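Grab the model and work through these exercises with it open. Try each task yourself before reading on to the solution.

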Amino acid sequence: MTTAIAAAAKPVILDGTATAARLMEKLSRKASELAREPGFRTPVLATILVGDDPASATYVRMKRDACGRVGLDSRAIVLPQHTSTAQLLAEIDALNADPDVHGILLQHPVPEQIDERACFDRIALRKDVDGVTSQGFGLMALGEPAFGSATPAGIMTLLEAYGIELTGRRAVVIGRSPILGRPMAQMLVNANATVTLCHSRTIALDSEVSRADVVVAAVGKPHFVQSGWIRPGAVVVDAGFHPGRVGDVEPSQLAARCSAYTPVPGGVGPMTIATLVAQTLQAAELAWQAGRRNANASR
Ligand code: NAP
């Protein structure tokens, strides 16, 4: 069933908490099934936290806790604020080479002296469960198999769970960061939406937004996108999250104008975490299957 994009008396709330909980139940069942397979190793997510940003520490803890809830292990690597690019690259090399590690999460942002792009790109593609490498982005953009960037991939799962039709719809993504706005726009293109990607140099953002059937706000500025800009009947996804538990969309007219929207909190955030867990389990399954193929080939 698809949710028609039309002005609705009562908008659908795209409940990320409930959708993520259902996904986590499925992952838990799948993890138990795989655990019974001969030669399958417990999936391990290695998390790297550099520096002492309390919000980043909280996100990493939430991601590790989520792994634990479905029977996955995690390994925490915590590095000091003054870590250099070379030191971080060496940590990533060690995790790439470790057969017990199936996924690597480098928590963004890293301290400014570090070349974050170089470090993201050092993560082995098969362990890039947060979908941050250039190679993974390129493959995803071409519609080839790759782990999607966790936040936009989680948003796509949420839209699908609610039957939001994307084919032929006009979508506007506000924000072009490498791990959110850009992959989001590409995933929407892959889902056959007609996409406009807006950023800080966009002229007349309000009129771009007012033409969209689907709006994804990923600006990183609290209450920046005015709900009065939203076209009646549009679907609004708010990826922003700020102190005070507010998003990027100013909500005063949201419920009156939208056909569906994500709450903040409880929309995009839980989907990001569930997607990371799902992709870690998938990485472990793929590693196990590759091991079996190699064993069969050498018989
Ligand atoms: P970011 O790297 O700071 O990128 C922000 C983007 O917004 C940039 O592309 C920037 O354009 C654009 N922008 C800034 N000012 C603008 C303006 N006046 N008009 C139009 N565009 C403007 O942020 P991010 O990492 O993508 O994160 C965005 C938000 O999502 C943040 O609130 C963050 O906390 C949240 N987030 C949530 C999750 C989650 O799991 N819930 C995960 C990741 C991020 P330029 O490129 O031109 O500078």
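A residue is called buried when its relative accessible area is under 20%. Keep that cut-off handy, and remember that this is a predicted model.

**Exercise 1. Cysteines**

Work out how many disulfides the structure has, and why C258 is not bonded to C198.

Solution. Start with the cut-off: a disulfide needs two cysteine sulfur atoms within 2.5 Å. Next, take C258, where the closest cysteine sulfur belongs to C198 and sits 17 Å away, so the gap is too far for a bond. Now widen the search to the whole structure, and the count comes out at 0 disulfides. Finally, check the surroundings: C258 has 0% relative accessibility, so it counts as buried. C67 is also at 0% relative accessibility and therefore counts as buried.

**Exercise 2. A helix pair**

Describe how α6 and α7 pack, and find which residues meet.

Solution. First locate the helices: α6 covers residues 150-161 and α7 covers residues 181-190. Then look at the geometry, where the axes are 8 Å apart and the packing angle is about 35°. The crossing of α6 past α7 is right-handed. Now pick out the side of α6 that takes part, namely P152, A153, I155 and M156. Their partners in α7 are P183, M184, M187 and L188. Sort this contact by class and you get 8 nonpolar residues, with no polar and no charged ones.

**Exercise 3. Two threonines**

Place T83 and T19 in the fold, decide whether each is buried or exposed, and list what they touch beyond their sequence neighbours.

Solution. Begin with T83, which lies in the loop between β3 (73-79) and α3 (85-97). With a relative accessible area of 3%, T83 falls under the cut-off and so is buried. Skip the neighbours within four places in sequence, and T83 is in contact with V50, L88, Q113 and I114.

Move on to T19, which is found in helix α1 (residues 16-35). T19 has 6% relative accessibility, so it counts as buried. Leaving out neighbours within four places in sequence, its contacts are L158, A161, Y162 and M271. Try a distance too: T19 and T157 are 138 residues apart in sequence, yet 8.8 Å apart in space from C-alpha to C-alpha.

**Exercise 4. A loop proline and a strand valine**

Say where P43 and V172 lie, and trace their contacts.

Solution. P43 sits in the loop between α1 and β2 (44-50). Its relative accessible area is 3%, so P43 is buried. Not counting residues up to four places away in sequence, P43 touches L72, D73, H102, T280, L281 and A284. For a distance, P43 and A290 are 247 residues apart in sequence and 15 Å apart in space, C-alpha to C-alpha.

V172 belongs to strand β5 (residues 170-174). Here too the relative accessible area is 3%, so V172 is buried. Leave aside neighbours within four places in sequence, and V172 is in contact with T196, C198, E208, V209, A212, V214, V215 and V216. The C-alpha atoms of V172 and T194 are 8.5 Å apart, with their positions 22 residues apart in sequence numbering.

**Exercise 5. Domains**

Give the domain bounds and find how far apart the C-alpha centres lie.

Solution. Split the protein into domain 1 (39-126) and domain 2 (150-270). Then take the C-alpha centres of the two domains, which lie 28 Å apart.

How values were computed: Residues numbered from 1 in each chain as written. Predicted model: local features only at pLDDT ≥ 70, side-chain atom pairs only at ≥ 80, totals over all residues. Heavy atoms only, no water. Axes fitted to C-alpha atoms, helices over the stretch in contact; angles between N-to-C directions. Helix = DSSP H or I, 4+ residues; strand = E, 2+ residues; numbered from the N terminus. Left-handed = near helix turned anticlockwise from the far one by under 90°. Contact = heavy atoms within 4.5 Å. Nonpolar A, V, L, I, M, F, W, Y, C, P; charged D, E, K, R; others polar. Buried < 20%, exposed > 50% of the residue type's maximum accessible area, 1.4 Å probe, protein only. Domains from an automatic or database assignment.
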